[in-house]
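Please open the structure in your viewer and keep the selection tool at hand. The tour below moves from stop to stop, saying at each one what to select and what can be found there.

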Amino acid sequence: MVGFSSSLGTAFLSLLALNGLGALAHRWFNWQFDITCEATGYFVPGNEADLVEFVRTQYPQKTLLKPVGNGHGFGNLTTCVNDGESNRDSYILSLTNLKHLEIFENKTVTFGGGWDLIDLIPTLEENGLQVANLGSEMVQNYIGAATTGTHGTGKQHQNLANQIIGLRVLNAKGDIHIISQEHTPDLLKAHRIGIGALGIVVEVTLQAEPLSFLKRTSKVVEGPQDITKLYEMIAEYGDKYEQVNIIGPNLDWNVTTEELVPRTSLTLVYWEETDYTGAPNCSVDFCANDCGRCDRDYVCYDYNNYAIATPPAGICYRGFMGQFEHFFPIENLAEAGRDYFNYALSQSDRMKPYQLDNPIEEGLHGGYLSDDVTVITRFIKGDDNWLSPVNKDNLPANASGIFATLEYSWIPSYNNYTLQWFYQDLLKEFIPVFGEKYNVRPHWNKMLFNNETYASTIYPKINSWLDIQEQMDPHCQFVNEFLAESLGIERCMSLFQ
Ligand SMILES: Cc1cc2nc3c(=O)[nH]c(=O)nc-3n(C[C@H](O)[C@H](O)[C@H](O)COP(=O)(O)OP(=O)(O)OC[C@H]3O[C@@H](n4cnc5c(N)ncnc54)[C@H](O)[C@@H]3O)c2cc1C
């Protein structure tokens with residue numbers, strides 16, 4: 001067994017921003033500063049015992065508690081209830097000091113809620129280990145990523161939550177629940193995607209695997225102008241490659257004709273296992289994270305986790321972005337892809353009033369090929385986690401159990417709030433139009449607007465999940481307005497009225 005603990009460890013004091021009574025209000029922002037709230041305070045426990053004590057003290061007062069990772073979301077999952085908007089105090093909690101880590105002989109790894117991917121992945125690598133898959137960046141806290149179903153690509157690759165085989169979760173009363181694949185497999189399926197509402201995850205155990213190398217190929221291909229044929233082609237690429245990320249098509253705003261114009265070239269980024277270990281160079285330039293160029297062919301080789309995800313320095317785009325990512329059974333890809341794209345394309349008239357004369361400048365643009373709309377298609381193997389956007393619970397018997405995702409990014413001109421809000425409204429329209437038709441499930445931490453009725457269609461086990469939510473959180477301390485509305489947590493609604 002290998003053990004680590006933060007060298008500062010117990011030297012940290014719990015940090016509690018005190019207000020006049022006293023507390024200092026704490027303003028929270030997400031990564032792109034378009035989601036914000038003001039909490040009564042910010043609590044950063046020095047260790048687990050401090051956290052338990054704090055939560056126990058707050059239980060009788062029904063204080064609202066919002067555990068956060070690194071705020072790399074597009075929606076309202078991490079939004080606290082504003083101080084003064086209810087008769088309760090409201091705290092943001094960061095577990096950043098919970099940094100113990102132990103590696104066991106069976107390649108399981110147990111670590112505290114403070115580990116971010118940017119530290120965790122190199123630590124695993126130093127010990128000859130990797131995780132099965134990652135998203136395109138390593139910016140997230142591990143729990144922040146896993147608990148929302150963060151995923152990469154690959155028809156035989158699952159989201160991060162499926163790496164988890166055990167959890168220690170603190171409920172609102174301050175009691176620790178131990179949940180494991182071995183002893184409580186159903187509970188684990190409920191808690192793996194808990195989106196901050198089922199308690200505070202203080203520790204996770206994941207099943208790691210031996211290090212491997214991947215070859216990553218980026219290849220630009222011209223797609224047909226005809227959108228139906230284009231999406232048939234994209235679906236064929238999805239069939240052909242096991243692990244592929246398809247970047248494009250795009251929509252560009254033509255300032256002369258004042259309309260959106262499709263750009264149908266695609267960049268295929270695909271990964272293959274390799275024995276070649278001579279040149280670990282994939283982090284240098286990765287078009288899938290808005291940083292490297294996407295308009296050229298090249299190959300690189302690296303450790304698996306570095307070939308599929310880049311470090312935080314890879315956040316090259318610094319402006320606003322409205323983004324959703326929708327998951328649906330792969331069988332629907334050709335039709336859903338075509339219909340989504342045609343719907344986006346048909347919005348020119350509505351966009352005209354918002355197109356100002358200040359396109360994104362060099363340097364703020366990142367690696368985006370379009371100032372306007374970029375589409376990315378990825379693939380993911382389904383699972384049986386209750387609130388997983390790729391749960392197989394409502395699929396027909398003959399379904400493959402593999403999902404495709406469409407990620408749409410609308411990119412406004414720099415700091416253009418009006419356009420950002422317009423795009424966010426536009427994003428809302430896709431689920432009502434396509435949701436039921438294509439069995440669409442939205443990413444939990446991108447723009448998500450479904451209501452409880454829709455949630456119960458795509459998450460057949462939601463009522464059982466809500467029962468656990470009530471047991472873990474009888475006073476709605478882990479719930480915010482967004483969760484109450486999108487999941488239909490009736491008993492908590494009155495808090496937000
Ligand atoms: C630039 C960018 C690239 C991205 N790329 C991808 C990608 O490739 N694939 C993909 O699927 N997604 C991607 N995402 C989305 C991102 O992975 C998720 O939004 C992820 O949840 C963010 O992690 P975080 O640590 O910032 O969590 P936060 O946004 O801070 O929190 C997410 C949720 O986790 C909960 N939480 C955090 N810590 C705890 C805890 N200890 N206990 C209980 N609940 C907790 C919070 O309450 C919240 O509900 C990307 C986002 C951005 C901004």
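Begin by colouring domain 1 (1–210 + 450–497) and domain 2 (213–447) separately, and then select the shell around the ligand, which draws at least three residues from each of these domains. Keep in mind throughout that this is a predicted model. The shell consists of 32 residues surrounding the ligand, and the closest of them are G69, G135, G144, G196 and N445. If you now highlight β6 (64–68), α3 (142–146) and β13 (200–207), you will have selected elements that each supply at least two residues of the shell. Colouring the shell by residue class shows eleven nonpolar, 19 polar and two charged residues.

For the next stop, hide the ligand and look at pairs of helices. In general, two packed helices are described by the angle between their axes and the distance between the axes. Select helix α5 (residues 227–240) together with helix α7 (residues 333–345), whose axes lie 8 Å apart and make an angle of about 135 degrees. The two helices α5 and α7 are therefore oblique to each other, and their crossing is right-handed. To see the contact itself, show I227, T228, Y231, E232, I234, A235 and G238 on α5, and then L333, A334, G337, R338, F341 and N342 on α7. Sorted by class, the residues of this contact of α5 with α7 are seven nonpolar, four polar and two charged.

Keep α7 selected and add helix α10 (residues 430–438); the axes of α7 and α10 come within 11 Å and cross at roughly 170 degrees. How are α7 and α10 oriented, roughly parallel or roughly antiparallel to each other? Angles over 145 degrees count as roughly antiparallel, and α7 and α10 are therefore roughly antiparallel. On the α7 side the contact is made by A336, D339, Y340 and Y343, and on the α10 side by F430, V433, F434 and Y438. In this contact of α7 with α10 there are seven nonpolar residues and one charged residue, with no polar ones.

The last two stops concern the backbone. Most residues other than glycine have a negative phi, and most peptide bonds are trans. Select G248 and P249, which are joined by a cis peptide bond with an omega of about 10 degrees; P249 has its place in strand β16 (residues 244–254). Finally, go to the loop between β3 (26–29) and β4 (36–39), where F33 is found. Although F33 is not a glycine, it has a positive phi of about 60 degrees.

Conventions
Residues numbered from 1 in each chain as written. Predicted model: local features only at pLDDT ≥ 70, side-chain atom pairs only at ≥ 80, totals over all residues. Near = placed C-beta within 6 Å. Helix = DSSP H or I, 4+ residues; strand = E, 2+ residues; numbered from the N terminus. Nonpolar A, V, L, I, M, F, W, Y, C, P; charged D, E, K, R; others polar. Domains from an automatic or database assignment. Axes fitted to C-alpha atoms, helices over the stretch in contact; angles between N-to-C directions. Parallel < 35°, antiparallel > 145°, perpendicular 65-115°, else oblique. Left-handed = near helix turned anticlockwise from the far one by under 90°. Contact = placed C-beta atoms within 7 Å.
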